Amino acid sequence: MSQEITRFKESKDQLFQPVKFEEPRGVFVSTYGCQMNVNDSDRMISLLEMLNYTPVQQPKDAALIIINSCSVREKPVHKVHSEVGRYRKLKLTKPDLLVGVAGCVAQQEKDQLLKDLPAIDFVLGPDNIDSLPEIVSKLHKAPEERLSAARFKHQEAYHVQTLVQNPGVSTFVNITKGCDNFCTFCVVPYTRGRERSRPYKQLVEDINKLTSRGVKEVTLLGQNVNSYTSDCGVNFANLLKGLCEDTDIKRIRYSTSHPKDFTEELIKISADYRDKICEFIHLPVQSGNTEILAKMNRGYSREDYLEKVDKIFDYLPGASLSTDIIVGFPGETEQQFNDTLSLIDRVPYESIYAFKYSPRPFTKAAKWEDHLSEEEKSDRLHRLFEKHKIIAHKLCEKYDDQEFEVLVEKRDEDRGNWSGRTTHNKVVNFVGGENLVGKFVKVKILKAFPLTLRGEFVSEY
Ligand code: SF4
């Protein structure tokens, strides 16, 4: 196996000759991290279908394996190393197997990953996904090559419609790429580059194409969707309004929001168009203490955040909220952590995603003393989850015996029930009715749990 690493250069369109395998070949994609990565994996699979690859559930059935990595949480490089270790053994029995690492770890480590892990054939940064068919074609023609494709591109537009082969009932649509915020704990601006917004007209066209293919719900994706600014000056609030008015989409979700850019105009438009814009807001707070928020470079105080939450409930009293929290940030005292605990008493979060702080490469906070032991951080995390468990159980009682509109996404044949989501992003599993996938139905809730609801079919809308 050659150790030589070649920097991948895209061919001009007319020079690129994709291979097209006569027999379908399996591709296995292992995805870590956020919805952006889930969407990127879908895009990779759709692109590879051009070459006659088809997704498989087991690495052993694959001719191509891609690890779509995430570097936001702990030990990401370690995870890639250990997964590649498993595929190295597989390669001994399948010498034609190609293995690639994509996502933020690929962008962060670039050639170093190829140097450290001889079993990898290519690395692929998030900006280089469109080149995947060409990379795989090249490697097929020259299997001794090892390709590094992790260059930021500043293309304005990247396509959605061509990259979603089987969009289903609900699908993701990227509206921005990258992030300019440089929160002191976060590696994303270094792995996904500066923020770029897709043109408004292109988004309208993409969503109209998706609706004509049966899509009922889209989730608009970006690291900070609220700072979307189109080529023609449309902000995020007006993007939502425009999509409600100019497309046939039935439901719109979005993720992730940044509290500093979450405006009253956006809340007001969400209320005006609540029949389409879902009443679910993921609003990552990260900490309930103003000094820690300043150290995180979040751009808002505890009071600013609470003001926005109050505003949301003024306009949308039925809204459902969730958040992200980091415990044990450098310098966080017990008192400052208590401010986070008191914040979750004050804000009715139906779910929280909380993590222990761990330093990420390139970030400012990584240079600061990580003063707490793992045990102390685990203790804070445990106390946070215990407190929230009680809150979440109490909050979900309001759903008992109520009827909700549910967009049915799938049928679970093993359990014999349908599954869909309410506007509040609650997963509802229910029985009754026939041929319901893709339909909006009324469901009566029989039992509410913090993350899911159980119910029975009432009627179709
Ligand atoms: S807003 Fe902050 S946490 Fe979110 S992606 Fe940007 S830098 Fe990271």
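**Exercise 1. State how the protein chain is divided into domains, and describe the contact between domain 1 and domain 2.**

Solution. The protein chain falls into domain 1 (6-149), domain 2 (154-278), domain 3 (313-397) and domain 4 (400-460), with bounds that come from an automatic or database domain assignment. The contact between domain 1 and domain 2, where contact means heavy atoms within 4.5 Å, takes 19 residues from domain 1 and 21 residues from domain 2. The C-alpha centres of these two domains lie 27 Å apart.

This is a predicted model, in which local features need pLDDT of at least 70 and side-chain atom pairs count only at pLDDT 80 or more, while totals for chains, interfaces and linings use all residues. Residues are numbered from 1 along each chain as its sequence is written, and side-chain values use heavy atoms, with hydrogens and water left out.

**Exercise 2. Give the area buried between domain 1 and domain 2, and list the polar features found across their interface.**

Solution. The size of an interface is often given as the accessible area lost when the parts come together. Here the buried area, which is the accessible area (1.4 Å probe) that two parts lose on being put together, summed over both, is about 1800 Å², and carbon and sulfur atoms give 52% of this area.

Next come the charged pairs: the rule, which asks for a side-chain nitrogen of Lys or Arg within 4 Å of a carboxyl oxygen of Asp or Glu, finds 3 salt bridges across the interface of domain 1 and domain 2. In a salt bridge between Lys-177 and Asp-127, the closest N and O atoms are 3.1 Å apart.

On the side of domain 1 that touches domain 2, the elements giving two or more residues are α1 (35-49) and α3 (103-109), helices being DSSP runs (H or I, at least four residues) and strands likewise (E, at least two), numbered from the N terminus. The most comes from α1, with 11 residues.

**Exercise 3. Work out the strand order of the open sheet, and identify its edges.**

Solution. The open sheet is formed by 7 strands in the order β1-β7-β6-β5-β4-β2-β3, with parallel pairing, where two strands pair if DSSP finds at least two bridges between them. Its edge strands are β1 (6-7) and β3 (53-55), each of which pairs on one side only. Strand β1 is joined by 2 bridges to β7 (residues 147-149), and the two run parallel; Arg-7 stands opposite Ser-148 in β7.
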